[in-house]
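I opened this notebook to record what I looked up in one structure, entry by entry. The order runs from single positions to the whole chain.

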Amino acid sequence: MADLRVETAGAVATITLDRPDALNALTVPLKEDLRAAFERLAADDAVRAIVLTGAGRAFCAGQDLRERLGPDALPLEDEIRVRYNPLILAMRTNPKPIVGAINGVAAGAGASLAFACDIRIAAEGASFLLAFGRVGLIPDSGATWLLPRLIGASKAAEVALTTDPLSAADAERFGLVARVVPADQLVGEAQALARRLADGAPLALALTKRALETAWDHDLAQQLGAEAEMQGQAGATADHAEGIQAFLERRQPRFRGS
Ligand code: T3D
């Protein structure tokens with residue numbers, strides 16, 4: 001994992017894309033390591049929340065364009081199907097909440113990675129750039145699905161078609177990021193948020209993520225049914241009983257993930 005760092009402190013794992021000289025552009029090994037890291041953390045009961053950030057001045061500049069021109073590059077459709085799509089799904093289906101700490105420019109598939117996080121906090125000076133059009137491509141890695149849902153169809157069309165960068169301040173205005181903080185506070189703020197999430201009931205968090213995701217494809221009646229089913233699962237946990245007990249005893253709950 002030469003270009004990826006995974007550090008765990010308590011119940012929070014922080015993943016750092018670590019190719020700062022190339023603005024953390026995505027190579028085959030980096031994509032494979034990143035996907036493997038998300039899958040490993042998904043299965044690790046000791047980890048309850050994940051932070052994703054980038055080293056240096058960028059979050060991620062998307063596909064490494066030098067690698068794309070190399071002799072070993074897969075045809076573009078295959079690369080997307082084999083490497084990008086499973087990576088995005090490893091994030092969106094991850095049972096742990098993922099906080100994006102967007103430290104600088106998030107361009108191309110780097111923007112898609114940011115959109116695939118559950119909550120984003122941005123540094124002042126960060127930006128989101130659907131650079132795909134500048135190299136004759138369409139937004140991929142979930143950007144066309146995620147961005148309209150995050151900021152609305154009209155703004156998403158503007159950002160995708162013009163390829164104008166969306167500043168951190170505008171991203172906050174459109175609800176894409178939860179808040180904007182000074183750069184030197186970014187990772188600390190994201191980890192503090194992740195620690196709060198990690199104190200939650202793990203199954204309830206996982207089911208909340210799933211319910212929010214399935215809602216897009218359901219009508220109200222279907223979603224009411226899905227909520228009932230998932231609530232049945234959450235309600236059967238020891239953590240639900242602990243939550244009620246803690247409420248009655250006026251103390252903080254101690255959720256164990258069972
Ligand atoms: O497999 C497939 O191809 C399909 C998947 C496609 C998904 C995609 O992500 S397509 C979109 C790919 N990404 C881009 O088009 C963004 C390219 N980068 C930029 O537009 C700019 O670098 C930024 C706007 C992100 C930042 O601009 P700036 O002026 O702050 O930095 P810079 O000088 O352009 O870049 C600094 C270094 O990073 C530079 O290297 P050097 O010259 O100092 O050795 C530059 O080449 C390198 N770099 C930046 N982005 C990439 C990159 N190297 C390889 N690939 C990159 N994407």
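For the first entry I took a contact to mean heavy atoms within 4.5 Å. The model I examined is a predicted one.

**Entry: G257**

I asked which residues G257 touches, leaving out those up to four places away in sequence. I found R48, P202 and D239. I then located G257 in the segment after α11, the helix that spans 238-248. Its relative accessible area is 44%, so I recorded G257 as partly exposed. I also looked up one pair: G257 and A114 are separated by 143 residues in sequence, and their C-alpha atoms lie 27 Å apart in space.

**Entry: A11**

I placed A11 in the loop that links β1 (4-9) to β2. At 23% relative accessibility, A11 is listed as partly exposed. With residues up to four places away in sequence excluded, I found that A11 touches A46, V47, R48, A49 and A198. R48 thus appears among the contacts of A11 and among those of G257. For the pair A11 and R35, I noted a separation of 24 residues in sequence and a C-alpha to C-alpha distance of 20 Å.

**Entry: L23 and N24**

Before turning to the backbone, I reminded myself that most residues other than glycine have a negative phi. I noted that L23 has a positive phi, near 55°. For N24 I likewise read a positive phi, near 60°. L23 sits in the loop between β2 (12-17) and α1 (28-43), and N24 is found in the loop between β2 and α1.

Are these two residues buried or exposed to some degree? L23 is partly exposed, at a relative accessible area of 22%. N24 has 0% relative accessibility and therefore counts as buried; the cut-off for buried is under 20%.

**Entry: the nonpolar cores**

I next asked which members of the largest nonpolar core touch the most other members. They are I15, L34, F38, L52, L113, F115 and F128, in a core of 47 residues. I followed F38 further and, with residues up to four places away in sequence left out, found it touching I15, I50, L52, L87, A90, M91, N94 and I98. Two of those partners, I15 and L52, are named with F38 in the list of residues touching the most other members. I also recorded a second, separate core of 14 residues, with V51, A101, L186 and L193 among them.

**Entry: the whole chain**

I counted the secondary structure last: the protein has 11 helices and 10 strands. The radius of gyration is 19 Å, close to the 18 Å that the globule rule gives for 258 residues, so the protein is as compact as a globular protein of that length. Along the principal axes, the C-alpha atoms fill a box of roughly 60 × 40 × 35 Å.

What share of the 258 residues counts as buried? I recorded 44%. Among contacts with a separation of 6 or more, 68% are between residues 24 or more positions apart.

For the surface, I noted an accessible area of about 12800 Å², with 55% of it belonging to carbon and sulfur atoms. As for charge, I listed 27 positive and 33 negative side chains, and the centres of the two sets lie 3 Å apart.

Methods
Residues numbered from 1 in each chain as written. Predicted model: local features only at pLDDT ≥ 70, side-chain atom pairs only at ≥ 80, totals over all residues. Heavy atoms only, no water. Helix = DSSP H or I, 4+ residues; strand = E, 2+ residues; numbered from the N terminus. Rg over C-alpha atoms; globule rule 2.2 N^0.38 Å. Buried < 20%, exposed > 50% of the residue type's maximum accessible area, 1.4 Å probe, protein only. Areas by Shrake-Rupley, 256 points an atom, 1.4 Å probe, with all protein chains shown as cover. Lys, Arg positive; Asp, Glu negative; His and termini not counted. Charge placed at Lys NZ, Arg CZ, Asp CG, Glu CD. Core = buried A, V, L, I, M, F, W, Y, C linked by side-chain atoms within 4.5 Å.
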